[in-house]
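This report describes selected features of one model. It takes up a residue, a pocket, the relation between two chains and a further residue, in that order.

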Amino acid sequence: MNKRWEVFQNSSDYRFVPYIMAGDPCEEATIELSLALEESGAAALELGVPYSDPLADGPVIQRAGMRGLKQNMTLEKTIKLVSKLRDRGLKIPVIIFTYYNLLLQLGENRFIELARENGADGLLVPDLPYEESGYLKEMCKEQDLALISLTAPTTQLAKLHRLASEAEGFLYCISSLGVTGIRSEFRNGLNDFLKEARSHAKVPVLVGFGLSTREQIEQFEGNSDGYIVGSAIVKKIESLEEQLLHDRQNAIYDFKEFLQSLIPMYSR
Amino acid sequence: MNKRWEVFQNSSDYRFVPYIMAGDPCEEATIELSLALEESGAAALELGVPYSDPLADGPVIQRAGMRGLKQNMTLEKTIKLVSKLRDRGLKIPVIIFTYYNLLLQLGENRFIELARENGADGLLVPDLPYEESGYLKEMCKEQDLALISLTAPTTQLAKLHRLASEAEGFLYCISSLGVTGIRSEFRNGLNDFLKEARSHAKVPVLVGFGLSTREQIEQFEGNSDGYIVGSAIVKKIESLEEQLLHDRQNAIYDFKEFLQSLIPMYSR
Amino acid sequence: GRYGDFGGKYVPETIMFALEELEKAFDEAIVDDGFNKLFQKELAIYSGRPTPLTPATRLSEANNGANIYLKREDLNHTGAHKINNAIGQALLAVRMGKKKIIAETGAGQHGVAAATVAAKYGLSCKVYMGKEDIRRQALNVFRMKLLGAEVVEVTSGSQTLKDATNEAIREWVAAVEDTFYLIGSAVGPHPYPKMVKQFQQVIGIETMDQFAKLRDGKLPDAVVACVGGGSNAIGMFAPFIDKDVPLYGVEAAGLGVDTDQHAATLSKGRNGVIHGSLTKLLQTSDGQITEPYSISAGLDYPGIGPEHAYLHETKRVKYEAVTDQESLDALEQLCLTEGILCALESAHAVAYSLKLAKTMSKNESVIVCLSGRGDKDVHTLMERMEGGDTE
Amino acid sequence: GRYGDFGGKYVPETIMFALEELEKAFDEAIVDDGFNKLFQKELAIYSGRPTPLTPATRLSEANNGANIYLKREDLNHTGAHKINNAIGQALLAVRMGKKKIIAETGAGQHGVAAATVAAKYGLSCKVYMGKEDIRRQALNVFRMKLLGAEVVEVTSGSQTLKDATNEAIREWVAAVEDTFYLIGSAVGPHPYPKMVKQFQQVIGIETMDQFAKLRDGKLPDAVVACVGGGSNAIGMFAPFIDKDVPLYGVEAAGLGVDTDQHAATLSKGRNGVIHGSLTKLLQTSDGQITEPYSISAGLDYPGIGPEHAYLHETKRVKYEAVTDQESLDALEQLCLTEGILCALESAHAVAYSLKLAKTMSKNESVIVCLSGRGDKDVHTLMERMEGGDTE
């Protein structure tokens, strides 16, 4: 476990982990948005990689991916972007969120090498379930990268226990069925699921998928160690697209205001 | 055998038998065309009845039928038209040329009654072959009407002999395969067929289907007792349609000129 | 060549010899084991016979009456029972040494079947089709051409099926010596109605056998088929006619038999001659043949096979008429309950079978001849159901 | 769940339990005599199986090579082999107590098959279809609706098959607890490729049996099938894989494998993950999936079933690519010589079989899987051959 993960895991905050898409709407915007997120309290950052076929994502993140693709953002460039983030002072763990096919084309070993070189801390592959992740998991462990595990409300209990106990970095608990996106309702029994996960996890247990308001975030506080917000943030970035390209200063200001309204005080 | 048929049969001319469509382009035109034909040398007249489905006829006579249908010409009206022709002085035999369905709807007995009453002399049903004509043939014989038999180049020899020997009025020899219409070529072996027919027939043997020029007519002179011209005449009438309706005098003059050019001198 | 008063050979003398030649060849062929085996083999390996008898379980339940079974002629090669007869006549043409076939077509189904067998047996093929039908059925016209057939546009009369048939007969008269006229329905001069029945009776024979196997050797309690010219119906009825099984032929009532927009030949026609045969016929009082109407292109024929006229007169078969709307409703219900899109023609039989089944007990069985598949009707259905223009 | 390196379950954790549940149900079902008998019975009485093996006599003669035989999957209900698998999966869904099915479709063929079985077995059905495909395939969209299915327009990505599949998977992730995802080809996460093979192997089993009956117990000298996702091919190959019979899979070369307009996944693709499975994949150097091209809507899939990737790698099956033009020529030749209008997909297999047969002796035999009928392609053919706009 590297130092950035140590800080993350030892924090007593209710951890805020945002997701943004690399290259949305351009590389420099991604850098400044990342720094703004850290300033606003992010405990770690998920950096998405644009992909032609993002089958775990809803329309908001699909559109962000299309914007990233237009910028010719690739997995390799995304990893190298982390190094630029570090140069600009970003201190929180950065997790590369990539579909498995991109990883395969780059090469799993090459990915790990690049991740190490450029200061990335982890990896999340939404279409690589536990059952298929053996080799990558081992390699990541060797190289001190966290392969983030996802669990879902449909994960069978025995598997949940195994996932939780083996989790690195944090355990990602999916709050509802379906793809990423903004939701108004969550699944019944979600708190039981979170409790179960927490009782077996050695790392913080975070809840994600569909959280878009401070109220929603607050309702999980007792049963989780943090939360992930993706679509709500990406949607804000989408609304700021023009400004982020041509009047970035004001866009970032606006973005921070939005984060203030989203993130509970105790979680910054 | 009535008197008109006696005259027809005893004639030493090369008999000219024209076909026209009743009601084409109107009833009065049919009367004047008939008289003009007699004046120009016709030995008998085939009077066609308009029918929706004239499957033995080519396009020229099909179109004439459509014009007749527009005039609401029916089988019954066609028979009654014969009486008007007689009133206007027509002396040659008149043969009603009708498809069998029209006859069936009027009733075979009723047809014969009407034919007798109105001075018609015969009947030709192109879709009633010998095999299906038993009852009608008998009725016609009883009532002194000629049911004209058709023979074709494809008629088997034994049947040809029977048709020829039983023929009433005249024997109609089809000069070529196909429907009615204007042709430039006739069938090989046609003269043999005509000779065979003549050797068995007790009535004049006429050739028809496709004759449209004096040259064509002349080529059969040695082997037949006359000829039938349909489409060539009907086509002329078609070309005179407007005149026949609105300037009949001139049309009839024109029509007679046409007949002069068509009919060989020795046949008038 | 007669069924009571009906049938006969009302054709020009020029083609009489060809009908005799055909009759002779046909009579010889059907007592020739080699020919019959070849025909059965071609039906099996080329068209996929036997076609199944499918129990329409969910349809029967939804209708709350007798058990409905579907004889699946829609599963034949080219999508309808038409191919049975086309194969039979083509094999006969080959046996007679003919190299050219001609055929008439309305919506194009028989034209496609004829072009298909012509391609398969190496014969040339001319298909006569009304100009109006060519316009409406461009896809089938293209299919026939793809199969190597020449499609001849018929501009006479109303430019539809009856005129195409007239024109095919005219062509036959002209080319009778080397041409085989492949008639698509149980109509036309003798021996055509007899021949079409012979080649279509495989439908009924299979059905009787299949039902007996499913139901302990029993006969069905009713058999239903649609009737335009009547080839699927006569083929289905054939083996049942001398059995104690109620038979139902279903005509197209179009907008209703009390309007002038229908094709209910037996309900509303009078004796007459069409296309060489004495039968029932839709016509004016003085004998002009009228243009029939049905939403189904395969049922809008002004005549009917002469044996049906006879079976109607002798009351051996009950003929009923079903409207456009009833047939559309039945087609939809069959889709929704059984996943089968049948032809609009067949939908008339389905519609009547639903009415009939309601009057019967749940232990009884009705067999419906599903004469063809409905793919060809999708444009018509779209226009009718969605009001959309799909051309 | 692996074929060498290929296959696997590359899906979101949310649906992993459903794949396990499915695998368990499937494994139980296929050793249950009752289930297998029911499946075989439904194939027979609903879809008309066995489909015939038709000797293409005139085609073989014209080609002057080995004897070509056609396995007639085009004669199935709904016109292609797709229904075999749809019936199998629907019966499994019913057995599992699922009431809802979802499916993806490109040109609409699998969508129609899915809607068909949903209607037949009383399940609700949602079909995901790209907006672009919905526009191009209005008739199939209407057919699905007529069968009671809901057609969901997919506007993401390139709005075609791969995006419809993504969207169906997304829907499955959301509704996984009561929904059965009916995948149409031998693709997707384990156990789908295995399951589709199981339900399609009836093609090969019948073929082997039919050929043996025709030819004194012999095996054919070659077997050819087209490959998009590869379900008809894997079904046809299944019983031959461990026999000494050369097998050929035919991909779509589109405008040519040296252009960027093709769908030759095995010839030109690299290992990758698509729709839950590790396989060969058409993609950019950094891993974005590219849009394939073929005149045939059923072959333009950027991936391929994982077992084909394996059979390719192990060289047990030889995979060849055939261009649009070659497939059109073969389609026309088959029409003209055999009277069979096959699907453009199948025409790829026919085209290759002609090449292959030319290299073989006249005593040898090639079997081609005629996976579907060409009625659905008539618009495409008309546009291509006549330059006419038929919409």
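In which loop of chain C is C:Arg49 found? The model is a predicted one, and in it C:Arg49 is found in the loop between H2 and strand S3 (53–55) of chain C.

## Surroundings of C:Arg49

C:Arg49 has a relative accessible area of 6% and is therefore buried. The side chain of C:Arg49 makes a polar contact of 3.4 Å with the side chain of C:Asn76.

With residues up to four places away in sequence not counted, C:Arg49 touches C:Leu43, C:Ala44, C:Lys71, C:Glu73, C:Asn76, C:Asn84, C:Val202, C:Ile203 and C:Glu206. C:Asn76 thus appears both in this list and as the partner in the polar contact.

## The second largest pocket

The second largest pocket has a volume of about 480 Å³. It is lined by 23 residues, and those closest to its centre are C:Gly48, C:Arg49, C:Pro50, D:Arg49 and D:Pro50. Two or more lining residues are given by each of these elements: helix H2 (33–45) and helix H10 (202–214) of chain C, and helix H2 (33–45) and helix H10 (202–214) of chain D.

H10(D) supplies the largest share of the lining, 4 residues. Sorted by class, the lining of this pocket holds 12 nonpolar, 6 polar and 5 charged residues.

## Relation of chains C and D

A turn of 180° with a shift of 0.0 Å along the axis lays chain C on chain D, with an RMSD of 0.0 Å. Because of this turn and shift, the relation is that of a two-fold axis. Both copies use the same surface, as 100% of the contact residues of chain C recur in chain D.

## Surroundings of C:Ser294

Elsewhere in chain C, the loop between strand S12 (277–281) and helix H13 (306–313) holds C:Ser294. Is C:Ser294 buried or exposed? The relative accessible area of C:Ser294 is 6%, so this residue is buried, the cut-off for buried being under 20%.

The side chain of C:Ser294 reaches the backbone nitrogen of C:Ser296 at 2.9 Å. Apart from neighbours within four places in sequence, C:Ser294 is in contact with C:Ala252, C:Gly254, C:Ala263, C:Leu299, C:Asp300, C:Asp324 and C:His348.

Terms used: Residues numbered from 1 in each chain as written. Chains lettered and ligands numbered in written order. Predicted model: local features only at pLDDT ≥ 70, side-chain atom pairs only at ≥ 80, totals over all residues. Heavy atoms only, no water. 1 Å grid on protein atoms, 1.4 Å probe; cavity = no way out; pocket = protein on both sides within 12 Å on 5 of 7 lines; lining within 4 Å. Points joined across faces, edges and corners; volume = space filled by probe spheres on them. Nonpolar A, V, L, I, M, F, W, Y, C, P; charged D, E, K, R; others polar. Least-squares fit on C-alpha atoms with pLDDT ≥ 70 in both. Contact = heavy atoms within 4.5 Å. Buried < 20%, exposed > 50% of the residue type's maximum accessible area, 1.4 Å probe, protein only. Polar contact = N/O pair within 3.5 Å; in protein donor to acceptor, adjacent residues only side chain to side chain.
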